[in-house]
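Me: Could you take me through the aromatic rings in this structure, slowly, and then show me what sits around them? I'm new to this, so plain words please.

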Amino acid sequence: MNSHVKQVRDVPWDREGRVQVIETHELNFPLDNITSAEPSSNNGTRTSSRRTKFSIFNIYAVNGTTNPYRSTRTGAPAGTRHDRKLAFHADLLREARELESRGYAVIIAGDLNVAPDERDGHPRLRTFPVQHVLNRADFQAKFFSRDLVDTAPNQASYEAAKASVAKTDKNPMRRGLDGVDTFRHVQGSERRYSYHPRGRPWGSGCDRVDLIVVSRTLANDVVDAGICDSPRDRGPSDHCPVWVEVGRHPVGIGSNGQ
C-alpha cells in the first residue's frame, strides 16, 4: 500500500536503470501466532509483532561476458562486462549493508544473473570460461557468507576463486551480507529453474538465476518461496516469475474463523 512506502529511488552508482529501491516506513510486522487463554478479538489467538522497516531491491544485474563494458559517463571502454559485474556486486553489497546499519530488513529480488551452485544449472552448471566460476564465488562470498561450493572445473581454478574473494572476509567493512536464499531455505535441494531460453525445447537447458535474498534477521519469517516454472508462466519472456511469502498472519480472521 502506498501509505507504507517511504520512498522509491534509484542509486547513484547505477546509471543503466538496473536497480530500484523501495523503502518502507516502520510497520507492525507479524510473527508466529501465540495462543493465549486471555480473551482476544482473534478467537483466543493474539499475535506477536515487531516494528520493522524494509528496503526492497528490484534488480536486473549485469550479465558477465568478455564483451567490453562502456562507461555510462564517457562511452569509452572500461574493462569487460565481467569486470563490471564484479563492481556491481561490490556496489550492491555496500548499499545493502548501509541500509542494514540503519535498521532496515533488506530484500534483494530479481535477475541476479548468477546460478549460485551446482543444483542451479541443467544439465550442468556453467564453469567455463573460469571467469564464470570467479563471478559465482564472488557473489557467494558477498551475499551468502558461506563456504564456497566447489563448482570449479579443477582445484587450481577453485583456489583462484577463493583468493579472488578473500578480501571480502579480511576487511570488516566489506564482509558479506550473510543473506538467505529464500528458495533454498524453503525448498532445500530441489532442482527448479527460472531461466528457460527461448528457441530450445523446454527444460533442455536452464538455470536458476532469478533470486530473492533476504537479511538473516528475516530467516525465521520466510513462510514459503517458489518459482512459477511452466511455459505458460514464462509467457513472452525467457524468465519465469519467482516469489516469496514473508511474515505470518494471525488465524481467526474473518467471521467464519478462517
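Reply: Let's go straight to the rings: this is a predicted model, and the count of aromatic pairs in it comes to four. One of them is Phe139 with Phe143, where the ring centres are 4.9 Å apart and the planes make an angle of 35°. Why call that tilted? Planes under 30 degrees apart would count as stacked and planes over 60 as edge-to-face, so 35° falls into the remaining group, tilted.

Now look at where these two sit. Phe139 and Phe143 both belong to helix H2 (residues 131-143), and because they are four residues apart there, about one helical turn separates them. There's a handy rule behind this: an α-helix has 3.6 residues a turn, so residues three or four places apart point the same way. Phe139 is buried, with a relative accessible area of 1%, and Phe143 is buried too, at 1%.

Phe139 has another partner, Phe144. Here the centres are 5.6 Å apart and the planes stand at 85°, so this pair is edge-to-face. Phe144 is also buried, with a relative accessibility of 10%. Put the three together and you get one aromatic cluster: Phe139, Phe143 and Phe144.

So what touches the cluster? Follow Phe144 to Asp181, which is in contact with Phe144 as well as Pro116, Arg208 and Ile212, leaving out residues up to four places away in sequence. Asp181 lies in strand S9 (residues 180-181) and is buried, at 9% relative accessible area.

Two of those contacts lead us further. Take Ile212 first: strand S11 covers residues 210-214, and S11 pairs with S7 in the antiparallel sense over five bridges. Within that pairing, Ile108 is opposite Val213 of S11. Strand S7 (residues 104-111) has eight of its eight residues buried, so the rest of the structure largely encloses it.

Next take Arg208. Its C-alpha atom is 8.6 Å from that of Arg191, although the two are 17 residues apart along the chain. Arg191 sits in the loop between helix H4 (182-187) and strand S10 (206-207). Is Arg191 buried or exposed? Neither, as it turns out: with a relative accessible area of 42%, Arg191 is partly exposed. Setting aside neighbours within four places in sequence, Arg191 touches Glu118, Arg119 and Gly121. With Glu118 there is a polar contact from side chain to side chain, at 2.9 Å.

Back to rings for a moment, since they can have charged company too. Tyr104 has the charged end of Lys53 over its ring, 4.4 Å from the centre. In a similar spirit, Arg18 lies over the face of Tyr60, 4.9 Å from the ring centre.

Just before S7 in the numbering, have a look at helix H1. H1 (residues 81-101) has 21 residues, which at 1.5 Å a residue should span 30 Å, and the C-alpha atoms at its ends are indeed 30 Å apart. Thr80 caps the N-terminal end of H1, with a side-chain oxygen 3.2 Å from the backbone nitrogen of His82. Several residues of H1 are buried, among them His82, Phe88, Leu92 and Leu99. Just after H1 comes Gly103, with a positive phi of about 90°.

Conventions: Residues are numbered from 1 along each chain as its sequence is written. This is a predicted model: local features need pLDDT of at least 70, side-chain atom pairs count only at pLDDT 80 or more; totals for chains, interfaces and linings use all residues. Side-chain values use heavy atoms; hydrogens and water are left out. Rings of Phe, Tyr and Trp (its six-membered ring) pair if their centres lie within 6.5 Å; planes under 30 degrees apart count as stacked, over 60 as edge-to-face and the rest as tilted. Helices (H or I, at least four residues) and strands (E, at least two) are DSSP runs, numbered from the N terminus. Buried means under 20% relative accessible area, exposed over 50%, partly exposed in between (1.4 Å probe, protein chains only). A charge sits over a ring if NZ of Lys or CZ of Arg is within 6 Å of the ring centre and within 35 degrees of the ring normal. Two strands pair if DSSP finds at least two bridges between them. Contact means heavy atoms within 4.5 Å. The expected span of a helix is 1.5 Å times one less than its number of residues. A polar contact is a pair of N or O atoms within 3.5 Å; within protein, one must be able to donate a hydrogen and the other to accept it, and residues adjacent in sequence count only if both atoms are side-chain atoms.
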